[in-house]
Amino acid sequence: MASLTQLHSVEQLEQFVNQPGKRLLFKHSTICPISTSAHDEFSAFLEENELPAAIVLVREDRPVSNDIAERYGIKHESPQIFLLEDGSVKWHTSHWKITRQAIAEAVQA
């Protein structure tokens, strides 16, 4: 099972995204049923795969969530997932498109 880090600050985000290799970044709304479903899919993927991963709770840590949108020039959505490799976004999707299979296919590509 992969470890999951919760990011509370832009500094923590900076440290996470600047590490080498592939890693997953998940933006989650704790009050949204679609986000809960996507979180379940994300968690199921992590249970079966060893890949560094982080989560940002968009309501609780809004500055971090906003920084992600600005940093990568990708409109904020929630839920939203990013596959990062060496600091760059290689793939991203949101809402119902966040499935264990979609994440696996993106990681393997």
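Is D86 buried or exposed? D86 is exposed, with a relative accessible area of 54%, which is above the 50% cut-off for that class. The structure is a predicted model. The points below cover the central strand β3, the nonpolar cores, helix α4, the surroundings of S94, and the unusual backbone angles.

**Strand β3 and its partners**

- Strand β3 covers residues 53-57, and five of its five residues are buried, so the strand is largely enclosed by the rest of the structure.
- The side chains of β3 alternate: A53, I55 and L57 point one way, and A54 and V56 point the other way. Residues on both sides of the strand are buried.
- Strand β1 (residues 4-6) runs parallel to β3 and is joined to it by three bridges. Within this pairing, L4 has A53 as its bridge partner in β3.
- Strand β2 (residues 22-28) also pairs with β3 in the parallel sense, here over five bridges. In β3, A54 stands opposite L25.
- A right-handed β-α-β unit is made by β2, helix α2 (residues 33-48) and β3.

**Nonpolar cores**

- The largest nonpolar core has 16 residues, and those that touch the most other members are L24, F26, F42, F45, I81, I103 and V107.
- At least two residues of this core come from each of β2, α2, β3, β4 and α4. Helix α2 gives the largest share, four residues.
- A second core of 13 residues is separate from this one, and its members include L13, F16, V17 and Y72.
- Leaving out residues up to four places away in sequence, F42 touches L4, L24, F26, A53, A54, I81 and I103. Two of these contacts, A53 and A54, are residues of β3 that point in opposite directions from the strand.
- L24 is located in strand β2. Its relative accessibility is 0%, so L24 counts as buried.
- L24 and V107 lie 83 residues apart along the chain, and their C-alpha atoms are separated by 9.0 Å.

**Helix α4**

- Helix α4 spans residues 100-108, and its buried residues include A102, I103, A106 and V107. These four cover an arc of only 130 degrees around the axis, which puts them on the same side of α4.
- Q101 and Q108 are exposed and sit on the face of α4 turned away from its buried side.
- The elements that cover the buried residues of α4 include β2, α2, β4 (80-85) and β5.
- I103 and V107, on the buried side of α4, are among the core residues that touch the most other members.

**S94 and its surroundings**

- S94 belongs to strand β5 (residues 88-94). With a relative accessibility of 12%, S94 counts as buried, because the limit for that class is 20%.
- The side chain of S94 makes two polar contacts listed here: one with the side chain of E77 at 3.2 Å, and one with the side chain of H95 at 3.1 Å.
- When neighbours within four places in sequence are left aside, S94 is in contact with E77, P79 and Q80.

**Backbone angles**

- Most residues other than glycine have a negative phi, and most peptide bonds are trans. The next points describe departures from that pattern.
- The peptide bond from S78 to P79 is cis, with omega near 0 degrees. P79 is in the loop between α3 (62-72) and β4, and it is also one of the contacts of S94.
- D86 is not a glycine, yet it has a positive phi of about 50 degrees. This residue lies in the loop between β4 and β5.
- H95 is not a glycine either, and its phi is positive at about 55 degrees. H95 is in the loop between β5 and α4.
- H95 counts as partly exposed, at 27% relative accessibility. Its side chain makes the polar contact with S94 given above.

Technical notes
Residues numbered from 1 in each chain as written. Predicted model: local features only at pLDDT ≥ 70, side-chain atom pairs only at ≥ 80, totals over all residues. Heavy atoms only, no water. Buried < 20%, exposed > 50% of the residue type's maximum accessible area, 1.4 Å probe, protein only. Pairing = 2+ DSSP bridges. Right-handed = clockwise from strand over helix to strand, strands pointing away. Polar contact = N/O pair within 3.5 Å; in protein donor to acceptor, adjacent residues only side chain to side chain. Contact = heavy atoms within 4.5 Å. Arc of directions from axis to C-beta. Core = buried A, V, L, I, M, F, W, Y, C linked by side-chain atoms within 4.5 Å.
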